[in-house]
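Please find below some notes on the model you sent. They are meant to be read with the structure open.

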Amino acid sequence: MKKRIAITSAAALGLLVFATTINAFGAEISQDKAKEIALEHAKVAENSLIFDKVEKDYEDRRLVYEVEFVTNDGMEYDYEIDASSGTIVKYDFDAEYYAPSGTSRSRRQNGSSQAADASQISEDDAKRIALEQAGISEKQASYLHVKKDWDDGYVLYEGKFFYNEMEYEFEIDAQTGRILEWDVESIYD
């Protein structure tokens, strides 16, 4: 009986040491590496940031780094990066404190003039801008749809499409073609 307890104890101790060793030498990336991955993906230089934050969190039972930063041109980026592999799990960005240039709120609220409509991008332009941001062609996107909408007196395009088990949602300023919001997440979330 003592021999069985000794063997069981030794086996349990061996498993504990093995698990600790694997955890100690795990492939967890650093906070700096997570920030670097996000900045590279967003094509943003670190010296253009006015705010940044990196924190560890659990998302769907997975350890992730939540990376947030705001650039000096008013774009806010949010990333979730898998802490063990460095894979981008989810990301989005939007324009903070953004007012379209050359637009008049009263003109928009009272109905758009012909001059305003002539200077707006088309629905096809909005699709092209969104697909270029994703780096794919229209043939690769599934269920791509874009519609013109009003938000706070401004005309914009809202849209959505699916690609490679990811859902893309966006808003594009109809006057300038600037992406105001961009959200990408797994279709399983």
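The points below take up a run of paired strands, a pocket and one tyrosine.

1. As a preliminary, this is a predicted model. The remarks that follow should be read as statements about that prediction.

2. Strand 3 covers residues 75–82. Seven of its eight residues are buried, so the strand is largely enclosed by the rest of the structure. Buried here stands for a relative accessible area under 20%.

3. On one side of the pairing scheme, strand 3 is joined to strand 2, residues 62–71, by seven bridges. The two strands run antiparallel. For checking the register, Tyr 65 can be used: its bridge partner in strand 3 is Ile 81. The hairpin made by strand 2 and strand 3 has three residues between the strands, and Gly 74 adopts a positive phi near 90° there.

4. Strand 3 also pairs with strand 4, residues 88–95, again in the antiparallel sense and over seven bridges. In this pairing Glu 76 lies opposite Asp 94 of strand 4. Five residues separate the strands of this second hairpin. Its turn contains Gly 86, with a positive phi of about 80°.

5. Which elements supply the lining of the largest pocket? The pocket itself has a volume of about 370 Å³. Of the 19 residues lining it, His 41, Ala 42, Tyr 91, Phe 93 and Gln 133 are the closest to its centre. At least two lining residues come from each of helix 2 (31–42), strand 3, strand 4, helix 5 (123–134), strand 7 (166–173) and strand 8 (179–186). Strand 4 gives the largest share, five residues.

6. The lining of the largest pocket can also be sorted by class: 14 residues are nonpolar, three are polar and two are charged.

7. Is Tyr 168 buried or exposed? This residue is found in strand 7. Its relative accessibility is 7%, and because the limit for buried is under 20%, Tyr 168 counts as buried.

8. The contacts of Tyr 168 are worth inspecting. Apart from neighbours within four places in sequence, Tyr 168 is in contact with Tyr 91, Ala 134, Gly 159, Lys 160, Phe 161, Tyr 163, Trp 182, Asp 183 and Val 184. Tyr 91, one of these partners, is also among the residues closest to the centre of the largest pocket. For Asp 183, the C-alpha atom is separated from that of Tyr 168 by 5.8 Å, with the two residues 15 apart along the chain.

Definitions and conventions
Residues numbered from 1 in each chain as written. Predicted model: local features only at pLDDT ≥ 70, side-chain atom pairs only at ≥ 80, totals over all residues. Heavy atoms only, no water. Buried < 20%, exposed > 50% of the residue type's maximum accessible area, 1.4 Å probe, protein only. Helix = DSSP H or I, 4+ residues; strand = E, 2+ residues; numbered from the N terminus. Pairing = 2+ DSSP bridges. 1 Å grid on protein atoms, 1.4 Å probe; cavity = no way out; pocket = protein on both sides within 12 Å on 5 of 7 lines; lining within 4 Å. Points joined across faces, edges and corners; volume = space filled by probe spheres on them. Nonpolar A, V, L, I, M, F, W, Y, C, P; charged D, E, K, R; others polar. Contact = heavy atoms within 4.5 Å.
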